[in-house]
Amino acid sequence: MINKWLETFSRLQTHEHAECPNCKRIDHLEYQLILLDEETRVGFGIIWCNSCLHGYRMSRMLFSEDSVDLIPSAEAKLPDNIQYDN
């Protein structure tokens, strides 16, 4: 299941339609890239489905200086009841 979440995340990054690996709903997915340390540019990513609230957490991501859509950890707004598949 982990590989399916990573493939889905990759599709979203290239603005392709993607379906939830859990419930197969199309276009109900969201993700956030969360920056933990501005100096080291380390953070994590979360992808989840708003229909079934299943998701996946990608830890220890290294973001480049030109990474877009990064959210400082204090500003991250995630659903409280995501069921992580990892």
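**Exercise 1.** In this predicted model, determine how strand 3 is joined to strand 5 (residues 83-84), and then describe the pairing of strand 3 with strand 2.

*Solution.* Begin with strand 5: two bridges join strand 3 to this strand, and the two run parallel. Within this pair, Gly 55 stands opposite Tyr 84 of strand 5. Next, turn to strand 2 (residues 42-49), which pairs with strand 3 (residues 54-62) over six bridges in the antiparallel sense. Here Ile 46 faces Arg 57 of strand 3. Finally, inspect the connection: the hairpin of strand 2 and strand 3 has four residues between the strands, and Leu 53 adopts a positive phi near 60°.

**Exercise 2.** Identify the residues with the most contacts inside the largest nonpolar core, and the elements that give two or more residues to this core.

*Solution.* The largest nonpolar core comprises 14 residues, and Trp 5, Cys 20, Leu 29 and Ile 47 have the most contacts inside it. Helix 1, strand 1, strand 2 and strand 3 each give two or more residues to this core. A second, separate core contains six residues, among them Phe 44, Ile 46, Leu 53 and Ile 82. Returning to Ile 47, its contacts beyond four places in sequence include Trp 5, Phe 9, Leu 12, Tyr 31 and Tyr 56.

**Exercise 3.** Locate Glu 19 and classify its accessibility.

*Solution.* Glu 19 belongs to the loop between helix 1 (2-13) and strand 1 (29-37). Its relative accessibility is 38%, so Glu 19 counts as partly exposed, a class lying between the limits of 20% and 50%. Beyond four places in sequence, Glu 19 touches Thr 8, Lys 24, Arg 25, Ile 26 and Leu 29.

Methods: Residues numbered from 1 in each chain as written. Predicted model: local features only at pLDDT ≥ 70, side-chain atom pairs only at ≥ 80, totals over all residues. Heavy atoms only, no water. Buried < 20%, exposed > 50% of the residue type's maximum accessible area, 1.4 Å probe, protein only. Contact = heavy atoms within 4.5 Å. Pairing = 2+ DSSP bridges. Core = buried A, V, L, I, M, F, W, Y, C linked by side-chain atoms within 4.5 Å.
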